[in-house]
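User: I am new to this structure and would like to learn how to read its pockets and helices. Please show it to me and start with the terms.

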Amino acid sequence: MSLGASNTEYVNARVRSRRAKLFDDEDYRKLVRMGPSEIARFMEESEYEREINELGARFSGVDLIEYALNRNLAKHFQDLLDWAEGRLYDLISRYLRKFDVWNVKTIIRGIYTDTPAEGIQTDLIRAGELDDATLDRLLEVDEIEDVVELLSDTIYYEPLSEGLEEFEETGTLVPLENALDREFYEHLLDDLGRPEEGPEAKYVEFLEAEIDFRNARNALRLARSGADLDPAAYYIAGGVLFDESELSRLVADYDELVDHIDDSRYGDRLSGALDQLRDADSLIQFEHALDAALLEYADTLSSIYPVSVSAVLSYILAKEREVENIRAIARGREVGLDESEIEEELVIL
């Protein structure tokens with residue numbers, strides 16, 4: 001995975017500048033004590049100034065915050081693509097397809113629940129490969145089958161077409177959502193091979209960790225649900241924590257599943273969260289621990305290899321987490337959660 005003619009040093013310098021402007025612990029401590037209008041004013045004094053000002057005439061409260069967060073996230077990630085060249089551009093754009101998956105899932109769920117297009121649009125993050133025109137066309141259709149057809153020129157068409165048959169049989173969105181997840185994660189590792197050392201090896205290790213954590217999350221949810229679902233339908237290839245048969249076996253034994261994760265290369269990073277899973281059965285806290293561990297993983301790689309794609313990935317995750325934290329605070333304040341309840345929803349390193 002040579003970055004060849006990539007302009008990695010230039011992009012990393014821009015990313016370091018952006019990273020320095022992310023909210024810190026002190027900012028979050030202030031935000032959890034504010035109501036939605038105060039949060040919006042706080043954001044206006046930060047990197048979100050332009051979005052808050054542009055959207056402030058049309059929206060207020062949590063709606064304003066949501067639209068501003070999503071627009072700012074999309075802008076910052078589009079900047080990464082505008083800055084990057086060559087192989088680096090390819091790797092970044094490949095990773096940002098996660099937002100295509102998010103957007104298509106959001107649109108499909110909206111159609112499934114008869115949500116108006118305006119309500120769906122609020123949750124879209126226009127930061128992937130699907131352009132605005134495509135997303136706008138997807139928002140106009142009323143049937144999930146039409147969504148699939150509009151994606152006929154993308155990598156998602158074939159897996160969604162297969163998932164559509166099962167959706168029509170079962171009436172649940174699971175086959176479609178799993179098809180999107182698998183397509184995204186399995187394409188992440190296209191043509192990377194398995195290098196043994198250097199930044200390329202660490203980059204692959206990070207992607208393996210992301211796939212492993214997705215499989216662990218799905219496995220624990222399945223084990224907890226007790227539902228008669230086929231674990232193989234949720235399995236994503238490319239990680240090192242499970243193979244398909246292991247996942248199917250371990251889902252049937254919750255304690256053994258937790259022990260399997262504990263005995264893996266992730267055991268030390270996740271030890272505290274695994275103890276919580278055993279003691280309090282706290283799946284939400286474990287999922288937060290997975291998010292924090294992935295952030296830490298990326299930060300570690302970017303410090304070891306500061307001039308590599310790992311530093312860009314680290315920033316993408318950190319920016320995404322900032323947006324999720326601000327959103328959780330705003331929504332929590334809107335429904336009257338107290339400060340300690342909101343803090344439990346945050347992921348801060």
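Analyst: Ala, Val, Leu, Ile, Met, Phe, Trp, Tyr, Cys and Pro count as nonpolar, Asp, Glu, Lys and Arg as charged, and the others, Gly among them, as polar. The model is predicted: local features need pLDDT of at least 70 and side-chain atom pairs 80 or more, while totals for chains, interfaces and linings use all residues. Residues are numbered from 1 along each chain as its sequence is written, and side-chain values use heavy atoms, without hydrogens and water.

User: Which classes of residue make up the lining of the largest pocket?

Analyst: Rolling a probe the size of a water molecule over the atoms shows where empty space is left. On a 1 Å grid over the protein atoms alone, a pocket is an open set of points where a 1.4 Å probe fits, with protein on both sides within 12 Å along at least five of seven lines; lining residues have an atom within 4 Å of a point. Here the lining has 16 nonpolar, five polar and 19 charged residues.

User: What does Asp291 touch?

Analyst: Contact means heavy atoms within 4.5 Å. Leaving out residues up to four places away in sequence, Asp291 touches Arg217, Arg321 and Val347. Leu349 is 58 residues from Asp291 in sequence, with 9.9 Å between their C-alpha atoms.

User: With which side chain does that of Asp291 make a polar contact?

Analyst: A polar contact is a pair of N or O atoms within 3.5 Å; within protein, one must be able to donate a hydrogen and the other to accept it, and residues adjacent in sequence count only if both atoms are side-chain atoms. The partner is the side chain of Arg321, at 3.2 Å.
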